[in-house]
Amino acid sequence: MSQEFLPLQGIRVIEMSHMIMGPSCGMFLNFLGAEVIKIEPPSGDKTRYLTGMGRPMFPLFNRGKKSIQLDLTTEAGRQTLDKLLSTADVFVENFKDHSLTKMGADLEQMRIKHPKLIISSCKGFLSGPYQDRTALDEVVQMMTGLAYMTGPTGRPLRAGASVNDIMGGLFAAFSVLAALLKRQETGEGSAIRVGLFENCLLLVAQHMVQFALEGRNPPPMPEREFSWPIYDIFEDKNGQQIFISAVTEGQWKTVCEILHLEALLSDARLQTRPDQIDARSWTLPLIAAQVAQRTVEELSAQFEAHGIPFSPIAKPSDMYNDPHAMREGAMAESFCEDGSSFKAPSLPFEVDGSLVTGGGNVPAKGQDTFAVLEALGLSTKEIQAASGLKEAP
């Protein structure tokens, strides 16, 4: 079952961002009940028009938001933004500072004019030598060593998702929540800056600390030194892949018994964990040979019954057929402007035993312009001058 968990009801967020990091921050805040008003230029957020792997970015990370159109090249547009900010609790952005200033959203002036406003800036880097560099998720993965750790030697690979953009957006939302709590005590806003680079540093910190403690770089993950006797991908009789692990003595014993390899349990060469790890060169082929005689379905049933960590190798699209991923309340359906729809995850936690609702529909460009600005007291002519729209979309 799912339930509404909306602790941010009554909080107004103004979002000027594109791509993933800033929009994901706004999405997380919206899922917790905040009203998120996305400001788009007359041409629309460029992310709307991406294709290929970029196509899901706008609909996925802008679910549930309102969209208003403002022409910030005009004085009317900039004045309207300022008036809108006077009603807001949070401002989320992910543009370069000089670009914001050109758009009439100078952050220093914003703090002076709106001292209670919490400003969440989603940037490539925090303040320092790199603060003005252009960054992308893939760039910081290369810079910090995450790509080095992901691919085999000589073949650095980015992670298979926008891990820094999404996690960076999560840290931005997390820090906004902290700033809202602080504001309850002080009555003052905060200027928050979240960096993709620093986010990625946290992701590789375990490898950094291994070097700090041992004085040597760990090898890339495909060549890592194992701490367990079984932690590998195998193929079944039909060529399907399955990941199997044994990280305790009990799991080692159980896997050997399930695969009819009881002889390994009494082998004098395999009586300690270090022995089992050192013997991987000749034990893994024996395990692979047994796995190859069965199907993933047979193995999965046995491993689950005995508490063995395992998983068939899935594609993201397989999640739409996964009974756990698709259980009631786990996915939220959203509708796009053209009538198409998709299901995507909400927030990955439960409150009081229930999943948290989240999602909402994808706004059309500027669809809420007149409604939001009329509520500010603007006349039709003033709205037209500020937005470039002749009438409500």
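This report describes one strand and two pockets of a predicted model.

**Strand β6**

Strand β6 covers residues 118-123, and 6 of its 6 residues are buried, so the strand is largely enclosed by the rest of the structure. Buried here means under 20% relative accessible area. In a regular strand the side chains alternate between the two faces of the sheet. In β6, Ile118, Ser120 and Cys122 point one way, while Ile119, Ser121 and Lys123 point the other way. Both sets are buried, Lys123 included.

β6 has strand β5 (residues 90-93) as a parallel partner, with 4 bridges between them. Within this pairing, Phe91 is bridged to Ile119 of β6. β6 also pairs with strand β7 (residues 191-195), again in the parallel sense, over 5 bridges. There, Ser120 has Ile192 of β7 as its bridge partner.

**The two pockets**

The largest pocket has a volume of about 1200 Å³. Its lining has 30 residues, and those closest to its centre are Pro56, Leu60, Phe61, Ala161 and Ile166. Helices α1 (21-31), α2 (57-61) and α8 (163-186) and strand β12 (341-345) each supply at least two lining residues.

The second largest pocket has a volume of about 720 Å³. It is lined by 28 residues, and Asn94, Gly124, Thr134, Ala135 and Leu136 are the closest to its centre. Strand β6 returns here: β6, α4 (97-102) and α6 (137-144) each supply at least two residues of this lining.

The table gives the linings by residue class.

| Pocket | Nonpolar | Polar | Charged |
|---|---|---|---|
| Largest pocket | 22 residues | 4 residues | 4 residues |
| Second largest pocket | 10 residues | 8 residues | 10 residues |

Note on methods: Residues numbered from 1 in each chain as written. Predicted model: local features only at pLDDT ≥ 70, side-chain atom pairs only at ≥ 80, totals over all residues. Heavy atoms only, no water. Buried < 20%, exposed > 50% of the residue type's maximum accessible area, 1.4 Å probe, protein only. Pairing = 2+ DSSP bridges. 1 Å grid on protein atoms, 1.4 Å probe; cavity = no way out; pocket = protein on both sides within 12 Å on 5 of 7 lines; lining within 4 Å. Points joined across faces, edges and corners; volume = space filled by probe spheres on them. Nonpolar A, V, L, I, M, F, W, Y, C, P; charged D, E, K, R; others polar.
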